[in-house]
Amino acid sequence: MTVDLLAKYDPLIAEHAGLLSAGIRDPFGIVMDKVLSPTEAIIKGQHTILLGTYNYMGMTFDPDVVAAGQAAIRDYGAGTTGSRVLNGTYQTHKECEAALKDFYGMSHAMVFSTGYQANLGMVSTLAGKGDFIILDADSHASIYDGCKMSNADIVRFRHNDAADLEKRLKRLPAEAGKLVVLEGVYSMLGDIAPLPELVAIAKAHGAMVLVDEAHGMGFFGPNGRGVYEEQGVADDVDFVVGTFSKSVGTVGGFCVSNHPKFEILRLVCRPYTFTASLPPAVVASAATSIRKLMTAHDKRARLWEATRRLHGGLKARGFRLATETPESAIVSVLMPDQETTALMWSTLIELGVYVNMSRPPATPAGVFLLRCSICALHSDEQIDIVLGKFEQAAQMANLALHEHA
Ligand code: PMP
């Protein structure tokens with residue numbers, strides 16, 4: 001008899017079927033028939049405002065970014081068909097790494113095929129047998145998977161809790177190698193890390209520090225490098241990981257560092273070595289976007305303005321939000337339970353607003369969210385439409401709103 005290896009997913013299959021039979025839109029069935037701009041698409045024939053794309057700086061349709069991709073596909077072809085360490089390094093990849101080095105003011109940059117692979121590769125390669133990885137409990141799946149792939153011992157500390165980090169570091173052998181992994185912005189709740197405290201504790205205990213700035217790149221800090229720049233801890237951060245799939249507007253991941261031995265990682269980091277490199281068009285677009293982000297001061301200001309408008313507007317209407325004030329360009333709306341979350345999400349789609357629906361295990365235990373990510377190109381008018389639709393959806397889903405907020 002063959003044991004059905006997929007049987008373990010039966011409860012999930014039943015839960016999904018239950019949602020559909022209750023008339024909820026299929027959360028995995030969203031198809032963008034047409035994308036009109038970074039903030040608007042046609043979904044199932046309906047004009048929809050996009051408010052869950054992480055396209056913070058709206059670079060996906062930037063004419064220079066698009067033109068760079070078009071030129072590269074013409075000059076270098078559609079793909080590299082090879083690993084970075086074999087035939088997959090083109091001039092475009094080197095230019096992209098040069099743009100990253102300039103953007104971050106660092107001496108080394110390594111481009112991966114996704115941000116997921118960048119974390120998987122960096123975490124698993126830096127820490128090996130006998131080392132310790134100390135990570136925030138709310139870390140992204142790619143960091144957890146990097147931990148699993150390493151042979152290091154794993155220690156978790158309570159989310160953003162400096163005292164807990166210190167307590168756990170104190171218990172570890174002084175002579176062991178240690179990697180503390182942090183994120184600038186935590187993407188579920190949209191809160192930011194108190195990096196000066198956390199990094200100081202890590203350094204005091206002899207740990208190296210890696211910060212994932214996936215959701216901070218582009219709009220935190222005077223040069224848009226991330227929360228670590230804004231909070232003034234650049235000198236104590238050993239590795240910064242990031243992605244091209246958010247502010248940069250394409251796809252890909254990277255790590256930048258000033259470590260003098262950094263380049264050896266190209267040979268020993270399996271998620272870098274044993275996979276094909278990004279297509280030339282992607283890295284050419286990314287390089288152009290990264291260089292434009294260096295001077296995108298007006299866009300950064302606009303992003304914060306639009307974020308404050310959405311956060312303030314939702315709060316004023318009685319929605320419960322994950323952060324008291326807007327800490328990043330992610331505004332997470334707390335939902336009471338799974339059913340209400342699904343119904344609210346589905347109703348918003350019917351009303352022409354796309355947001356992200358999140359639940360455990362992606363979120364911390366017991367937390368259900370509708371997550372909004374704001375784009376610098378959202379107009380005040382679009383934000384006001386969204387606020388009206390949230391109010392309408394709450395009525396239709398019988399969501400209790402606070403009397404005053
Ligand atoms: N790190 C964090 C914090 C993320 O949120 C994400 C993606 N949501 C990633 C890494 C992975 O990025 P990518 O989409 O490039 O794989």
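This passage describes the ligand site and the two largest pockets of a predicted model.

Local features need pLDDT of at least 70, side-chain atom pairs count only at pLDDT 80 or more, and totals for chains, interfaces and linings use all residues. Residues are numbered from 1 along each chain as its sequence is written, and side-chain values use heavy atoms, without hydrogens and water.

The ligand is surrounded by 15 residues (a heavy atom within 4 Å). Gly115, Tyr116, Asp212, His215 and Thr243 come nearest. By class, this shell has 2 nonpolar, 10 polar and 3 charged residues (Ala, Val, Leu, Ile, Met, Phe, Trp, Tyr, Cys and Pro are nonpolar; Asp, Glu, Lys and Arg are charged; the others, Gly among them, are polar). Helix α4 (residues 115-126; a DSSP run of H or I, at least four residues) gives the most, with 3 residues. A polar side-chain atom of Thr243 lies 2.6 Å from a ligand oxygen. A polar backbone atom of Gly115 is 2.7 Å from an oxygen atom of the ligand. For a backbone N or O atom of Tyr116, the distance to a ligand oxygen is 2.9 Å. The protein covers 85% of the 400 Å² of accessible area that the ligand has on its own (Shrake-Rupley method, 1.4 Å probe).

Lining residues of a pocket have an atom within 4 Å of a point on a 1 Å grid; a pocket is an open set of points where a 1.4 Å probe fits, with protein on both sides within 12 Å along at least five of seven lines. The largest pocket has 23 lining residues, with Pro27, Phe28, Met357, Ser358 and Arg359 nearest its centre. Its lining divides into 15 nonpolar, 5 polar and 3 charged residues. The second largest pocket has a lining of 10 nonpolar, 4 polar and 6 charged residues. Helix α5 (residues 141-149) provides the largest share, 4 residues.

How values were computed. Polar contact = N/O pair within 3.5 Å; in protein donor to acceptor, adjacent residues only side chain to side chain. Helix = DSSP H or I, 4+ residues; strand = E, 2+ residues; numbered from the N terminus.
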